[in-house]
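User: I have a model open and want to learn how to read it. Can you take me through its features one at a time?

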Amino acid sequence: MTKSRSSVMIMAISVFFTISIAYFVFAGEISAQSEEKSFLTHSGSVIRTSGEILDPLYTSATMEFDPMDYLRNFDYGKISTLPDGTTLREYTIVAEDDKVMEISPGVFYNVWTYNGSVPGPTIRATEGDTVRINFTNNGSKEHTIHFHGIHPSEMDGVFEPVGGNGGKFTYEFEAGPVGVHPYHCHIMPLEEHIVHGLYGVFIVDPKEGRASADEMVMVLNGFDTDFDTENNFYAANTIPFYYQHHPIQINTDELIRIYVVNMVEFDPINNFHLHANLYEYYPTGTDTIPSFYTDMITLSQTERGIMEFSYQYPGNYLFHAHKVEFSEKGWVGIFQAHENEEQKIEEVGYGR
Ligand SMILES: [Cu+2]
């Protein structure tokens, strides 16, 4: 009797232990998959997330990015003249891969950057100039800079990976052809290096220049913040909805020129619709005669061009992806056109 009691007890204890072990193993698996952590956002609110992110509280390298500053900021490089009379333009680009950006309130994402921003600086030169890029890789992974355009094989940024933690490489080539070109990292897996933000714009101006205009750069980009190879956010210049909340100030009767580059991965196409107006469009910017007069262009990955237009009437005008999903997830902005006082004075002057 005692024997059978004790065996029942032993059985009960082992069942208890088995259940307990199963519970802890199971709970452990669950917690490994969806462990939530609290974070303090830039706007001061506390959020909880299970996303794969760097901890913004303990990462000092937060990416500060001002889309309004980026819009009209061109890096013409340090200019000097080579013995043969050619203009030399030198640029410094540093890659890093440890920064964190709050893409949307409470959504943090590990961005990989050229000169601390996504996109990197807009490099600008004139056709025939010698372009020299002093590249340093301060990231933890290998990175390169692959420029679109014409240059020797060893300057293509594909077969010469630049090691992290201070690796260096100097890219040097003749600027050309005329147009607007992307540059981006070309280390495999390419998708990973591009979607994290290692890209920027390279403008080659024609020697004779272009008509004077209010010039802007718009990089159409997207962010896959939950790593399912689908973008969760879209934007013109990185911050979703930015130019909707901060309209771009322009003047009526003034030529507006936009260098637009599509860097959205995962989605095969993107597009650009302008409201209450049409624009002249120069695909890749390689010609000085526009190919289309339209209010809609469709762009696949790294497809780009130059848009030119002016507004006749003052007011607010939307521009956005006509792929509505993209505009609803951030790729939308507003031009706020003001009466052009200078133009008005001129008109009055002519009238007299
Ligand atoms: Cu890279």
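Analyst: We will go through confidence, the metal site, one loop residue and the cavity. This is a predicted model, where local features need pLDDT of at least 70, side-chain atom pairs count only at pLDDT 80 or more, and totals for chains, interfaces and linings use all residues. Residues are numbered from 1 along each chain as its sequence is written, and side-chain values use heavy atoms, with hydrogens and water left out.

User: What is the mean pLDDT of the protein?

Analyst: pLDDT is the predictor's confidence in each residue, from 0 to 100. Here the mean is 86, and 80% of residues reach 70 or more.

User: Where does pLDDT stay under 50?

Analyst: Over residues 19-33 and over residues 348-352. A contact means heavy atoms within 4.5 Å. Residues 19-33 have zero contacts beyond four places in sequence. Residues 348-352 also have zero contacts beyond four places.

User: Which residues are the protein donors of the copper ion?

Analyst: Donors are N, O and S atoms within 2.8 Å of the metal (3.2 Å for Na, K and Ca); water is not among the atoms, so sites may look incomplete. For this copper ion they are H143 (ND1), C185 (SG) and H193 (ND1), at 1.9 to 2.0 Å. Their spacing in sequence is H-x41-C-x7-H.

User: Are C185 and H193 buried or exposed?

Analyst: Buried means under 20% relative accessible area, exposed over 50%, and partly exposed in between (1.4 Å probe, protein chains only). C185 is buried because its relative accessible area is 0%. H193 is buried too, at 4%.

User: What does H193 touch?

Analyst: Leaving out residues up to four places away in sequence, H193 touches W112, E142, H143, C185, I187, M188 and L198. Two of the copper donors, H143 and C185, are in that list.

User: How do I read a loop residue such as N165?

Analyst: Check exposure, then neighbours. N165 counts as exposed because its relative accessibility is 70%. Its contacts, not counting residues up to four places away in sequence, are N137, N138, G139 and S140. N165 and N138 are 27 residues apart along the chain, yet their C-alpha atoms are separated by 4.6 Å.

User: Which residues line the largest cavity?

Analyst: A236, I239, P240, F241, Y242, Y243, G330, W331, V332 and G333. By class, eight are nonpolar, two polar and none charged (Ala, Val, Leu, Ile, Met, Phe, Trp, Tyr, Cys and Pro count as nonpolar, Asp, Glu, Lys and Arg as charged, and the others, Gly among them, as polar).

Conventions
1 Å grid on protein atoms, 1.4 Å probe; cavity = no way out; pocket = protein on both sides within 12 Å on 5 of 7 lines; lining within 4 Å.
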